[in-house]
Structure formats: structure tokens, C-alpha cells
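Trainee: Hi! I've just opened this one and don't know my way around yet. Could you walk me through it?

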Amino acid sequence: MHWAMKTAEAIIERYPNEEVYVCASGISPTSEIHIGNFREAVTTYFVTKALAQLGKRTRFIFSWDDYDVFKRVPDHLPSTLSRYIGMPLIDVPDPFGCHQSFAAHFENEFEEALNQYGIHPEFINQSTMYKSGVYNEDVRLALKMRHEIYDLLHTFDGRQDSAVRENFYPITLYCRNCLTNHTTVTGYSPETDVVQYHCTCGHQEVAELESINRIKLTWKADWAMRWKHERVCFEPGGHKHSVPGGSYDISKLISEQIFGRKAPFYMPYDHTGIKSKISPKTGNLITPKDLLEVYPPEIVLYLYSKYNADHAFDIDMDEDVVRNYSEFEQISKQYHEGRVEDDDLKFALELSNITRSASWFGPRFSVIASALPLLNDDLEMMETLLLNEKQTGEMSEASVKEKVLRASYWISKWQPEQKVAIKTTPEVKFINNLKQEERLWLQNFKALLEKAEDVHSDRFLNQLETMTDTMMSGDSDWDKAAFRLIYQLTIGQNTGPQIPMLIDIMGKESLIALLNKI
């Protein structure tokens, strides 16, 4: 059984009477949302789809923790942002000047990427929720139970200090004057509902909690409170939250003992990285949007869905990109033809939104990737060749263009060594190493090519196959080795585009001229 379906069944077993199964995820928009954070969103998305397939009503919520503190300036952003350290993310200006805030910039970027993947959660901005007063009763409860929360926070480490406990308040309070969290809460009266604090800027205030809309609960209490408020049944979490005695274990205690809500079914997810010899981006920060420059959304989702959430994996950006494409093109074709029998594989494909995929209808990615460098990255010429050779199948012209663009981007950004040129003179080493039967095969190929009227015709291809089979001498690998000779002669590599396409790229006369020099 696929891991998402197995998880869905476990959630139903824990919450058999829920009318709506709320599945949650959330991220603090402190910079670009990278592919590791993306795993949280897709894990929740997959489990939500599995619950729906089991006939359950679902609600997929995604919380933007934009009321978190701005703690540090990311290395690739202007150092001038340091003046805003201590403010909530929602109040830090957008360094790019195109959104209302720092938080809104990175939220919008990620939301647009999710939309391209066909993932549409209900977004909740925690700054809006806290400022609106929706959580005020929960904040009051947390303040009343502040000593109990302190004890729960130190359940696993045992590091309790009576003086710290006495002055502990599980809230972050942003100063009315300087807007930072450089504040110290000095008192709260449950009877009068009055909060007292002072700030390093010199400001101090005594006011009713209702009038201070600049308060949020600290992380573990905040997480537990939201589980209760939203009636969350499922939420995944990264490795650092999932260690024994970590955020989840502590928040679970706070949820159950302070807020009276059973903690949701929890799933740890592991690291997602990039497999590549190079990184085209500073800091090696790769986003879901970056992945779409190389892969269509269906392949990315398929890669995430086929690995258990608690298993680390790397997304290939090196030569294995071709392998990933080839695998998906083959199995998606089998899926559309009703030939996928493995239920786990079938469900993984459905989670990837394969029903809207056109990957298997048109030219293979491997064909495009091998031909483009020989065309000096001429995208229009590549598209024309594909159309002329009738390799586009049922894929629309726009989809073909998209696939060609992705191949071009991958080669230029991730595989610069793929840049090869067509040779006009055979390499001396190649000629000297030719065996007698190889030289004879190349001579026969030249003779066949000279007589050919159409290198795409069945007649030419059948004659080529027959000639090669005749010379095989019982060696089953000879046919591959024979075609390898053409690639070594023309581009100095062991692989390349299909022979008819290679002839089209070079020109028949140019290839014959090259063969004449052997």
C-alpha cells in the first residue's frame, strides 16, 4: 500500500468520527521556500488526496507564519535589512520593492509555484489571525497556565529554574513604539486581563490584552493552540521537530494538557536535496520554481510521491535527468494504456496529476537533449526538426516548445559540458583504433547513405538494420557498437540523437564527406 494511503487509513482510525479531515502544513517566510520545505506541502497534499479517495471530506490548510520574528538577514539579501531585526516578518519591507512586505514577497513566490503544480491549499496568514483577535481566548488561557506550560517545555530536558519559571510568559509581544520583540513582559493579571511590559527602546505600557493586537504565542504553544483552533487531524514536520523530546513531542503535551485537544497524526519527513556536480545558484538554495525550469510538475510530484516521506532523497540535476524523463515517459504511456498493474505505482502516478500530463504524447526528452547541443541551442530549428520527423505525436506545439525550453535550460545551467560540436575531420585516434570490421561497416553505411532518397523512410531504416545484422557475426551488442561508431566519428561521443535526426542536423552530404576521410 502506498505510504500516503497507509497514512490516510491511520488518520481515519485515530479520528473515526471527523466530519472534515483537516490536514495542515506551514512555513515561516524568512526567505525563498526551498525544495526541502516544499516536501512539507506536497506530503500534506498527497495525504489529503488519499483521504479524499477514501471518501472523506478534507480541508488542506497552509499557514504562513508571517508573525514570526525577523531574526537574521539572509546572506544573499541587502545587509541594510538588519535595521528591521526583531520586527514581525509582515512589517519588514520587501527588499525587491514589488510586494507589500518581506513576508508577502516570498509567500507570493511560493503560492505561484504551488499553483503551477496544481496544489491549491487554503492559505492562512497568522499575522492576520493574531491581529484580528481570533486567538485572544487561547492567548489568555496560555497566560493563565504559563507555569504549567513552562514545566511542559522542560519535560524532556529537566532544565528548570524557579526564577525563570516565575517570570515566564509564553508570548512574543511586539512593542507599540519600535515594533520589535525587544520587550520584556513583566506581568499579566487574569482578573483584570491587563498585560504589562517594557522595551529596550524605552517604551513601557500597561494595557488590556484586548487592546494589544501585537501578541503571538511562542512556537511550541502556538503550534499546539492552532491544532485545537483548526481541529487539525494531520500535519507533517521536518527532522528537527521530530526528534525525541523535540517540538512535536512538547507541543503534543501542551495541546493535550493545556488546550484539551488530541495532537494530530504526525509524520516526520526527511531531507530533500539536489544531486549535481554544480549549483547555478548562490547558497545552493533551489526552489520548487527552479525545478520547473528542468522538469514538468508531474515528474517532480512523482519523484516526491514514490519515496516514503521519512526517506531522504536527492532530485537529479545531472545526467540522470534524462533517466528520470525516460522512466516517466515510459510509465505514463503504460498508465494511459491501462498497463500499470502495481497499485502503489499507479497511486503514485495519480498523486503526480498524471491525468493532465502530456509527457508521453510527444518527443522523448533524450532525443531533444542529445540534438540541441548540435544545433547550437537553436530552439526553433529543434522544434522544426521534431515536426518534420513527426516526433511530436499528439503533443501540442506549445507543449513541444515547453519541453525543448526545459532541455535547453538544463543543458546550459546544469550540463555545460554537454556543449558539443559536429566534427568536419575524423580524429586521428578514432581512425587508428578502427578494427577491420568497423571500417567495413562504415564503408557500407556510406554506400547505403549515398543511395538513400529519404533517411526517414522505412526502406532506409530496414536496409540499415539488415546490413548491421548481416555483419553481427553472432555478437548481440554489435548493432549498438556500430551506431556508436557514427556518434564517435561525428561528435566524439558514444551517444547522440537518432541516426536520421543526426543526418538531418549535419546534412547528408557533410556526413558523406566525413566518411570519405576515413
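Mentor: Happy to; we'll go through the sheets, some helices, a pocket and one proline, keeping in mind that this is a predicted model.

Trainee: Great. What is the strand order in the open sheet of five strands?

Mentor: The order is β3-β2-β1-β9-β10, and the pairing is parallel.

Trainee: And which strands stand at the edges?

Mentor: Those are β3 (122-125) and β10 (265-268). Each has a single partner strand, so one side of each is left without a neighbour in the sheet. From one strand to the next, the twist averages 25°.

Trainee: How many bridges join β1 to β9?

Mentor: Two bridges join β1 (residues 21-27) to β9 (residues 232-237), and these strands run parallel. If you want a spot to click on, Val22 stands opposite Val232 in β9.

Trainee: Which strands does helix α1 lie across?

Mentor: Helix α1 (residues 3-14) lies across β1, β9 and β10, and it runs at about 155° to β10. Helix α3 packs on the sheet too, touching β1, β2 and β3. The direction of α3 makes about 150° with that of β2.

Trainee: Okay, new topic. What about the open sheet with three strands, how is it ordered?

Mentor: That one goes β5-β6-β7, with antiparallel pairing. Its edge strands are β5 (183-189) and β7 (204-208), each pairing on one side only. Here the twist averages 15° from one strand to the next.

Trainee: How many bridges are there between β5 and β6?

Mentor: β5 and β6 pair over six bridges, with Gly187 standing opposite Gln196 in β6. Five bridges join β6 (residues 194-199) to β7. Along that pairing, Val195 stands opposite Ala207 and Tyr197 stands opposite Glu205.

Trainee: What do the hairpins look like between those strands?

Mentor: The hairpin of β5 and β6 has four residues between the strands, and Asp193 takes a positive phi near 60° there. The hairpin of β6 and β7 also has four residues between its strands; in that one, Gly202 takes a positive phi near 105°.

Trainee: Which side chains along β6 are buried?

Mentor: Val195, Tyr197 and Cys199 point to one face and are buried. Val194, Gln196 and His198 point to the other face and are not buried. In a regular strand the side chains alternate between the two faces of the sheet.

Trainee: Nice. Which residues are buried in helix α23?

Mentor: In α23 (residues 508-516), Leu511, Ile512, Leu514 and Leu515 are buried. They cover an arc of only 160° around the axis, which puts them on the same side of α23. An α-helix has 3.6 residues a turn, so residues three or four places apart point the same way.

Trainee: Now pockets! How much space lies in the second largest pocket?

Mentor: About 510 Å³. It is lined by 24 residues, of which Ser366, Ser370, Thr495, Gly496 and Pro497 lie nearest its centre.

Trainee: Which element gives the largest share of that lining?

Mentor: That is α21, with six residues. The elements giving two or more residues to the lining are α15 (365-371) and α21 (478-491).

Trainee: Last one: where is Pro95, and what does it touch?

Mentor: Pro95 is in the loop between β2 (58-64) and α3 (102-116). Leaving aside residues up to four places away in sequence, Pro95 touches Leu77, Pro78, Leu81 and Phe102.

Trainee: Is Pro95 buried or partly exposed?

Mentor: Partly exposed, because its relative accessibility is 28% and buried would need under 20%.

Technical notes
Residues numbered from 1 in each chain as written. Predicted model: local features only at pLDDT ≥ 70, side-chain atom pairs only at ≥ 80, totals over all residues. Heavy atoms only, no water. Buried < 20%, exposed > 50% of the residue type's maximum accessible area, 1.4 Å probe, protein only. Contact = heavy atoms within 4.5 Å. Arc of directions from axis to C-beta. Pairing = 2+ DSSP bridges. Axes fitted to C-alpha atoms, helices over the stretch in contact; angles between N-to-C directions. 1 Å grid on protein atoms, 1.4 Å probe; cavity = no way out; pocket = protein on both sides within 12 Å on 5 of 7 lines; lining within 4 Å. Points joined across faces, edges and corners; volume = space filled by probe spheres on them.
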